[in-house]
Amino acid sequence: MKGITEALRSGSKLAEDYICTADAARSLYEYDIRWENGLHARAEWLKQSEHTRVDRHELASYLRIYNKRVNNHDHVHASITRLVEENAWVVTGGQQSGLLTGPLFVVYKAASVVAAAREAEKQLKHPVVPVFWIAGEDHDWDEVNHTYLPEPQGDMRKVKLQGHFTGRDSVSHVQVKREQWEHVLEQVEHLLPDTIYKPGLIKQLTEIHRASSNLSDAFARIISALFASSGLILMDAADPELRKLEQPVFARMIQQNTSLRTSYLQGASLVEQAGYAMPAEVAEDGANLFYIHEGVRLLLTLKENLYQDRKGLVSFTEERLLQELKQHPERFSNNVLTRPLMQDSLLPVAAVILGHGEIAYWGLTREAFRTFGLQMPILLPRLSFTILEDVHDKHMQQYGLTFQDVQYHLQDKKEKWLAQQETFQVDEQFTQVREQFMTLYRPLLEQVAELHPGLSRIGEANLVKIHEQIQYLERQTRKAIEDKHAVSLRHWNGIQHALFPMGKPQERVHNALFYLNRYGTHWIEELIQASAEFKGQHQVIRL
């Protein structure tokens, strides 16, 4: 599978500059994107710092238990066995769990982890295993309880997991009932067109969701169905059993909280000095840890030697907080700034796969890594794709459209094309009529106003009505022209919905199920095999 490189708009100047190895951005990170230059140095540092991480055997024991439940595959267990080996490293990445995996880019991120692990192993001549984090500790339910699939005419339909969920509990702890899953799958079955793959896909999805009591488990099982044969290890950041392993790391974060906070503030200052917008909030009093209180995930602050949330629901001294951690480690979780430290305290990370937003906020963390006795790993941008199906490729060629036209100029191009199809020029004709009408009507108004002042008011009101009628006729004329070219306009709209649905890149809206239903699963492995470089380029691929 070979893609064509195309520029895709990004929301982060810092991430773009990191990818382009600009000096200002480079100063905020330990390594640069040219990972072949730093990979051996990173591996050597990992050898020397083995003592800074959780014991490999204990980690492997946990991973076996969790993966046996949601990702039980021989290749996965083989990866876990390899992880225990001396000088075995990890390429990792993660994402919050989403309904039916969420947008396409989530699948691309998992594929990136697998592809980068394979490439790193070739270069290092040591085992490098892929590990995918499920950020089930996130609590923004409204962000993950839906996804999008195209309707037959191409418009995007929102598929939502129904139900009323109170509180701000972690996504992994929100229970989903069987009838709620069934409602989702009914929508999916209705929206997916009939193909040779559909019966098997629906059967598999039904079995997965019947076995899952929460969104994170269902997410894990779908990712497993797509990637287990590649040896991709899964782990849920909200798993209470994982918290037991993380307990000593949380203890260090609490004991070194003041120095860590200083490091994050220093990182924020360096980002600002380099000329970039702040990618994440760094609070002066932030403890950068969450505490789960009665099902609500509370962000802690540190003021006057007390750890407390901003609403005053909980308050702990350091000693009391450490006692709480010892008794209830499952009540603690990281925020976006401490999560990278936790990851590298658990795993021997050679490289981490990140989206642009993540690359940006990691720019705040280098000093914190050093304060914590760690070193920021190599950051690699995830693979990025737009799938261009034959039908839309054909229509783009028919109308002379490029990918950049579709991204930036499609509406203008469509209107220009439509205007060229008709000898009747709507704008010119109606503009001319308005001008000629006013030439005749305005002197008449002046004359009747001289006869009686009230006629002026009646004339002006009449003028408004005449303009409204002309506008109405103009709209109906345009509609008639559009109806005349309805088939071609459906082509234009189909291109828009397929490549930039809802005005966003395809990978940020479309769900993978549409393409899995249409083409099976083999294209994912083809993506992995064709991806050995991680330069942040966007590829347009044809299926």
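**Exercise 1. Decide whether Trp-141 is buried or exposed in this predicted model, and place the residue in its secondary structure.**

Solution. The relative accessible area of Trp-141 comes to 9%, and since burial is assigned under 20%, Trp-141 counts as buried. In the secondary structure, Trp-141 belongs to helix H7, which covers residues 141-144. As a further step, one can relate Trp-141 to Val-174: 33 residues separate the two in sequence, while their C-alpha atoms lie 8.7 Å apart in space.

**Exercise 2. Determine whether Arg-339 is buried or exposed, and list which residues it contacts outside its neighbours within four places in sequence.**

Solution. Arg-339 is located in helix H14, residues 339-346. Its relative accessible area is 19%, and because the limit for burial is under 20%, Arg-339 is classed as buried. Once the neighbours within four places in sequence are set aside, the contacts of Arg-339 are Ala-135, Glu-137, Asp-138, Arg-297 and Asn-334.

**Exercise 3. Work out how the buried residues of helix H5 are arranged around its axis, and against which elements they pack.**

Solution. Begin with the buried residues of H5 (residues 74-84), which are Val-76, His-77, Ser-79, Ile-80 and Leu-83. Viewed down the helix axis, these buried residues fall within an arc of 155°, so they line one face of H5. The spacing can be read against a general rule: an α-helix has 3.6 residues a turn, so residues three or four places apart point the same way. Finally, the buried residues of H5 pack against helix H4 (56-70) and against three strands, namely S2 (89-95), S3 (128-134) and S6 (233-236).

**Exercise 4. Reconstruct the sheet that contains S1, S14 and S15, giving the strand order and the sense of each pairing.**

Solution. The sheet is open, has three strands in the order S1-S15-S14, and is mixed in its pairing. Its edges are formed by strand S1 (4-6) and strand S14 (384-388), each of which pairs on one side only, and the twist from one strand to the next averages 35°. Taking the pairs in turn, S1 runs antiparallel to strand S15 (residues 538-542), with three bridges between them, and Thr-5 has Gln-539 of S15 as its bridge partner. S14, by contrast, is parallel to S15 over five bridges, and Ser-384 stands opposite His-538. The last step concerns burial: five of the five residues of S14 are buried, with Ser-384, Thr-386 and Leu-388 on one side and Phe-385 and Ile-387 on the other.

**Exercise 5. Describe the sheet that contains S7 and S8, and identify which helix packs on it.**

Solution. This open sheet of five antiparallel strands follows the order S10-S9-S8-S7-S11. Strands S10 (315-316) and S11 (332-334) each have a single partner strand, so one side of each is left without a neighbour in the sheet. Within the sheet, S7 (residues 286-293) and S8 (residues 296-303) are joined by five bridges, and His-293 has Val-296 in S8 as its bridge partner. Helix H12 (residues 257-273) packs on the sheet and touches S7, S8 and strand S9 (306-309), its direction making about 120° with that of S7.

**Exercise 6. Classify the relative orientation of helices H19 and H20, and describe their contact by residue class.**

Solution. The axes of H19 (residues 426-451) and H20 (residues 453-484) come within 10 Å and cross at roughly 170°. Because angles over 145 degrees count as roughly antiparallel, H19 is roughly antiparallel to H20. Sorted by class, the residues in their contact are 16 nonpolar, six polar and six charged.

Conventions: Residues are numbered from 1 along each chain as its sequence is written. This is a predicted model: local features need pLDDT of at least 70, side-chain atom pairs count only at pLDDT 80 or more; totals for chains, interfaces and linings use all residues. Side-chain values use heavy atoms; hydrogens and water are left out. Two strands pair if DSSP finds at least two bridges between them. Helices (H or I, at least four residues) and strands (E, at least two) are DSSP runs, numbered from the N terminus. Axes are lines fitted to C-alpha atoms, for helices over the stretch in contact, and angles run from 0 to 180 degrees between N-to-C directions. Buried means under 20% relative accessible area, exposed over 50%, partly exposed in between (1.4 Å probe, protein chains only). Contact means heavy atoms within 4.5 Å. The arc is that of the directions from the helix axis to the C-beta atoms. Angles under 35 degrees count as roughly parallel, over 145 as roughly antiparallel, 65 to 115 as roughly perpendicular and the rest as oblique. Ala, Val, Leu, Ile, Met, Phe, Trp, Tyr, Cys and Pro count as nonpolar, Asp, Glu, Lys and Arg as charged, and the others, Gly among them, as polar.
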